[in-house]
Amino acid sequence: MKTAFIVKTLITSFSLLALVAPGRASAQIIPQPWVSVGSKDGDITYSVGARALNFGAELGFGPDGSTGVDVLKFISLPVISPYVGVGLYSEDKGVAVSGGVQVGATDNVFVGAGYNSIRGFNGQLGVRF
């Protein structure tokens with residue numbers, strides 16, 4: 001009788017522990033960086049960015065030496081992540097709007113395509129940790 005009670009108690013304890021044990025560390029803030037190269041009116045444009053908690057920031061270098069920062073909002077879907085953003089650029093370029101999509105190519109690599117009203121169309125390559 002005592003052995004059966006101890007076994008049932010252990011099974012119940014381990015079952016409850018499995019239910020309340022923390023999962024993967026996905027709740028931690030781990031940014032997903034990317035690089036981007038594009039073109040606008042024959043000029044090469046590029047940027048670097050990072051994403052965490054479905055928000056992102058992108059430092060972009062556009063035509064005529066303009067530099068700016070975009071703030072992005074991502075919508076997480078199972079495979080793709082569309083985004084929209086707004087930014088401010090120097091050299092009297094003003095406010096930029098942007099949008100695009102990032103797609104998971106593998107578990108640790110993603111690719112993307114986007115458009116920025118100052119930097120034009122661009123392709124993206126990034127990593128997940």
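**Strand pairing and side-chain environment in the predicted model**

Strands S6 and S7, the latter spanning residues 109-116, pair in the antiparallel sense over seven bridges. The structure described here is a predicted model, and the pairing of its strands is taken up before the surroundings of individual side chains. Within the pairing of S6 with S7, Ser 98 stands opposite Asn 116 of S7, and the two strands are joined by a hairpin that runs through four residues. On its other pairing, S6 (residues 94-104) is matched with S5 (residues 80-89), again in the antiparallel sense, over ten bridges. Tyr 89 has Gly 94 of S6 as its bridge partner, and in the hairpin of S5 and S6, where four residues lie between the strands, Glu 91 adopts a positive phi near 60°.

Antiparallel pairing is also found among the strands that come earlier in the chain, beginning with S1 and S2, which are paired over nine bridges. Here Val 37 is bridged to Tyr 46 in S2, and the hairpin formed by the two strands leaves two residues between them, with Asp 41 in the turn at a positive phi of about 55°. S2 is in turn joined by seven bridges to S3 (residues 55-61), the two strands running antiparallel. The hairpin of S2 and S3 likewise has two residues between its strands, and Leu 53 in that turn shows a positive phi of about 55°.

One of the bridges between S2 and S3 involves Val 48, whose partner in S3 is Leu 59. Val 48 belongs to strand S2, residues 43-52, and is classed as partly exposed because its relative accessibility is 42%, a value that falls between the limits of 20% for buried and 50% for exposed residues. Both Val 48 and Leu 59 contribute to a nonpolar patch on the surface, which also includes Val 35, Val 69, Val 111 and Leu 125 and has about 460 Å² of accessible area in total.

Four aromatic pairs are present in the structure. In one of them, Trp 34 and Phe 74 have ring centres 6.1 Å apart and ring planes at 75°, so the pair is edge-to-face. Since Trp 34 is located in strand S1 and Phe 74 in strand S4 (residues 67-74), this pair ties together parts of the chain that are 40 residues apart in sequence. Both members are buried, with relative accessible areas of 3% for Trp 34 and 1% for Phe 74. Together with Tyr 83, Trp 34 and Phe 74 make up one aromatic cluster.

Two further residues of S1 were examined for their contacts with other parts of the chain. Gln 32 lies in this strand, which covers residues 32-40, and is buried at a relative accessible area of 18%. When neighbours within four places in sequence are set aside, Gln 32 is in contact with Gly 49, Ala 50 and Arg 51, as well as with Phe 110, Val 127 and Arg 128. Lys 40 is likewise found in S1, and its C-alpha is 4.6 Å from that of Gly 120, although the two residues are separated by 80 residues in sequence. With residues up to four places away in sequence not counted, Lys 40 touches Thr 45, Pro 63 and Tyr 115, in addition to Ser 117, Ile 118, Arg 119 and Gly 120.

Methods:
Residues numbered from 1 in each chain as written. Predicted model: local features only at pLDDT ≥ 70, side-chain atom pairs only at ≥ 80, totals over all residues. Heavy atoms only, no water. Patch = residues over 30% accessible without salt bridge, like charges linked within 9 Å, V, L, I, M, F, W, Y side chains within 5 Å. Areas by Shrake-Rupley, 256 points an atom, 1.4 Å probe, with all protein chains shown as cover. Salt bridge = Lys/Arg side-chain N within 4 Å of Asp/Glu carboxyl O. Buried < 20%, exposed > 50% of the residue type's maximum accessible area, 1.4 Å probe, protein only. Pairing = 2+ DSSP bridges. Contact = heavy atoms within 4.5 Å. Phe/Tyr/Trp six-rings, centres within 6.5 Å; stacked < 30°, edge-to-face > 60°.
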